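Colleague: Please take one part of this fold and go through it closely. I would like to hear how the sheet is built and what packs against it.

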Amino acid sequence: MANVTKKQDRYEIETDGQTVGHAIYRVDGDVVTMPHTEVDPAFGGRGLAGELVQFALDDVRSQGLKVDPACPYVAKWIDRHPDYQDLLA
């Protein structure tokens, strides 16, 4: 089972006690820009990137902020999940 945590400038996802991916973010006013998301290719195909992005966007929502999905993966994920499009800056 994967575990996602929030750090100062990134969200990290770990599985089996190993950090396997991250999503970098920066906050400017009420907008969170997410420029890069990455999961170790050895852990691809498990849905970890989606789990990571959903956790990050839920966190953004809980703070009443908006998101700038500069990362193509984040933008694509939001496109596929219409219930998150209200977060777009």
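Modeller: What follows goes from the sheet to the helix on it, and then to the second helix. The model is predicted.

Start with the sheet. Five strands make it up, and the sheet is open. The strand order is β1-β2-β3-β4-β5, with mixed pairing. β1 (2-6) and β5 (66-68) are the edge strands, and each pairs on one side only. On average, neighbouring strands are turned by 25° against each other, direction ignored.

Now look at one pair. Strand β3 covers residues 18-28, and strand β4 covers residues 31-39. The two run antiparallel and are joined by seven bridges. Opposite Arg-26 stands Thr-33 in β4.

Next comes the helix on the sheet. α1 spans residues 48-62 and packs on the sheet. Helix α1 touches β1, β2 (10-15), β3, β4 and β5. The direction of α1 makes about 140° with that of β2.

α1 also has a helical partner. Helix α2 (residues 72-80) packs with α1 at an angle of about 80°. Their axes lie 11 Å apart. Angles of 65 to 115 degrees count as roughly perpendicular, so α1 and α2 are roughly perpendicular to each other.

Which residues of α1 and α2 meet? From α1 come Ala-49, Gly-50, Val-53, Gln-54 and Leu-57. From α2 come Tyr-73, Val-74, Trp-77 and Ile-78. By class, this contact has seven nonpolar and two polar residues, and no charged ones.

Note on methods
Residues numbered from 1 in each chain as written. Predicted model: local features only at pLDDT ≥ 70, side-chain atom pairs only at ≥ 80, totals over all residues. Heavy atoms only, no water. Pairing = 2+ DSSP bridges. Helix = DSSP H or I, 4+ residues; strand = E, 2+ residues; numbered from the N terminus. Axes fitted to C-alpha atoms, helices over the stretch in contact; angles between N-to-C directions. Contact = heavy atoms within 4.5 Å. Parallel < 35°, antiparallel > 145°, perpendicular 65-115°, else oblique. Nonpolar A, V, L, I, M, F, W, Y, C, P; charged D, E, K, R; others polar.
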